[in-house]
Amino acid sequence: MVQYNPLQYLPSATELPDSDDTPVDNELQNLIPNLLLAILAVVWKDRMDWFFGVDMGIYYVPGQYPQIPIVPDGFLSLGVERRKSQRGRLSYVLWEENYIMPILVLEVVSHNYGQEYDEKQTKYAQMGVLYYVVYNPDYWARDKHEPFEVYRLQNGKYVLQQGEPVWMPEISLGVGRGQGIYEGWQREWLYWYDQQANRFPTPDEQNEQSQQQLEQAQQQLEQERQLRENLLARLRDKGIDPDTL
């Protein structure tokens with residue numbers, strides 16, 4: 001008896017376009033999610049059950065033809081393979097990910113209004129994405145929204161979350177804004193936070209902290225060496241041979 005495998009008749013990531021060919025409107029739409037990815041790669045370096053996509057198409061309707069992806073600026077999925085292959089993911093194809101929907105999506109609003117507060121919000125809710133993050137630092141007044149908003153899906157509708165950073169227990173991370181430097185650019189960025197609202201450092205900050213700790217350790221060793229040399233010199237001045245002690 002021939003067994004029916006529905007995945008056999010669905011297009012794979014290699015057969016689907018890996019982009020909707022719509023360019024991002026500004027570099028922040030890439031830099032902001034890439035910074036979140038870089039931080040997460042450090043925080044979760046020992047975990048292999050997550051994936052954070054940047055400007056990558058999500059194919060989520062198996063029977064749709066032609067296949068049309070939705071492309072958030074960033075998204076996070078849990079319970080999936082960290083690395084699918086040596087080549088990496090071309091797209092996020094739901095039926096190749098055990099139908100695990102992203103748990104969080106991020107949209108960075110640009111000067112070209114992109115339906116972040118209506119069409120996209122409705123679409124993500126229909127998909128079942130639990131957290132929807134909208135970062136709108138420059139055009140929030142135009143759009144009559146706050147510069148930073150996090151929504152949580154409740155009973156099929158997104159509910160705006162209060163406070164900042166917003167703690168997301170299902171992810172064990174908080175998300176919020178903060179001042180910092182990334183790729184030499186001093187400005188406000190989005191960061192991950194722990195449950196005590198402590199911001200996780202960026203890779204550059206972590207490297208700088210490690211370098212400072214190394215320099216402090218070297219300075220302490222040098223101070224101890226100098227103290228020892230001074231002590232030995234004083235003993236010799238008193239006619240005491242240190243080797244006899």
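**Figure 1. E183 at the turn of a hairpin.** In this predicted model, E183 is exposed, with a relative accessible area of 58%. Look for E183 in the loop between β10 and β11. Its phi is near 55°, a positive value in a residue other than glycine. That is worth a second glance, because most residues other than glycine have a negative phi, and most peptide bonds are trans. The two strands flanking this loop form a hairpin with 2 residues between them. Strand β10 covers residues 173-182 and strand β11 covers residues 185-193; they run antiparallel and are joined by 9 bridges. If you would like one pair to follow by eye, take Q179, whose bridge partner in β11 is E188.

**Figure 2. N98, a second residue with positive phi.** Where does N98 sit? The loop between β4 (92-93) and β5 holds N98. Although N98 is not a glycine, its phi is positive, at about 55°. Is N98 buried or exposed? N98 has a relative accessible area of 67% and therefore counts as exposed, since the cut-off for that label is over 50%.

**Figure 3. A cis peptide bond before P165.** Which residues does the cis peptide bond join? The bond links E164 to P165, and its omega is about 0°. P165 belongs to the loop between β8 and β9 (166-168). With a relative accessible area of 27%, P165 is partly exposed. Setting aside neighbours within four places in sequence, P165 touches V175, G176, Y193 and A197. For one of these partners there is a handy distance to check: P165 and V175 lie 10 residues apart in sequence, and their C-alpha atoms are 5.2 Å apart.

**Figure 4. The open sheet and the helix packed on it.** Here we step back to see how the strands line up. The sheet is open, with 6 strands in the order β1-β3-β5-β6-β7-β8 and mixed pairing. At its edges are β1 (50-54) and β8 (157-160), each of which pairs on one side only. From one strand to the next, the twist averages 20°. Helix α1 (residues 28-43) packs on this sheet, where it touches β1, β3, β5 (104-108) and β6 (131-135). The direction of α1 makes about 160° with that of β1. For a closer look at the pairing, follow β1 to strand β3 (residues 74-78): the two run antiparallel, and 5 bridges join them. Within this pair, G53 stands opposite F75 in β3. As you trace any strand, bear in mind that in a regular strand the side chains alternate between the two faces of the sheet.

**Figure 5. The largest nonpolar core, seen around I171.** This core has 59 residues. Which residues have the most contacts inside it? They are L76, L104, I171 and W192. Helix α1 gives the most to the core, with 7 residues. Centre the view on I171 and leave aside its neighbours within four places in sequence: its contacts are then W44, L76, L78, I103, L104 and Y131. A grouping of this kind fits a general tendency: in soluble globular proteins, nonpolar side chains tend to be buried together.

**Figure 6. The cavity and its lining.** How many cavities of 30 Å³ or more does the structure hold? There is 1. The largest cavity has a volume of about 30 Å³. Its lining is made up of L36, F52, L104, L106, V133, V175 and W192. Two of these names may ring a bell, as L104 and W192 are among the residues with the most contacts inside the largest nonpolar core.

**Figure 7. The second largest pocket, beside strand β1.** This pocket encloses about 230 Å³ of space. It is lined by 14 residues, and those closest to its centre are F51, F52, G53, M56 and R89. Strand β1 gives the most to this lining, with 4 residues. F52 also appears in the lining of the largest cavity, while G53 is the residue that stands opposite F75 in β3.

**Figure 8. The whole chain, for orientation.** To place the close-ups, here is the full chain: it has 4 helices and 11 strands. Of its 245 residues, 40% count as buried. Among contacts with a separation of 6 or more, 58% come from residues 24 or more positions apart.

How values were computed:
Residues are numbered from 1 along each chain as its sequence is written. This is a predicted model: local features need pLDDT of at least 70, side-chain atom pairs count only at pLDDT 80 or more; totals for chains, interfaces and linings use all residues. Side-chain values use heavy atoms; hydrogens and water are left out. Two strands pair if DSSP finds at least two bridges between them. Axes are lines fitted to C-alpha atoms, for helices over the stretch in contact, and angles run from 0 to 180 degrees between N-to-C directions. Contact means heavy atoms within 4.5 Å. A nonpolar core is a set of buried Ala, Val, Leu, Ile, Met, Phe, Trp, Tyr and Cys residues joined through side-chain atoms within 4.5 Å. Buried means under 20% relative accessible area, exposed over 50%, partly exposed in between (1.4 Å probe, protein chains only). On a 1 Å grid over the protein atoms alone, a cavity is a set of points where a 1.4 Å probe fits but cannot get out, and a pocket is an open set with protein on both sides within 12 Å along at least five of seven lines; lining residues have an atom within 4 Å of a point. Grid points are joined across faces, edges and corners, and a volume is the space filled by probe spheres set on the points.
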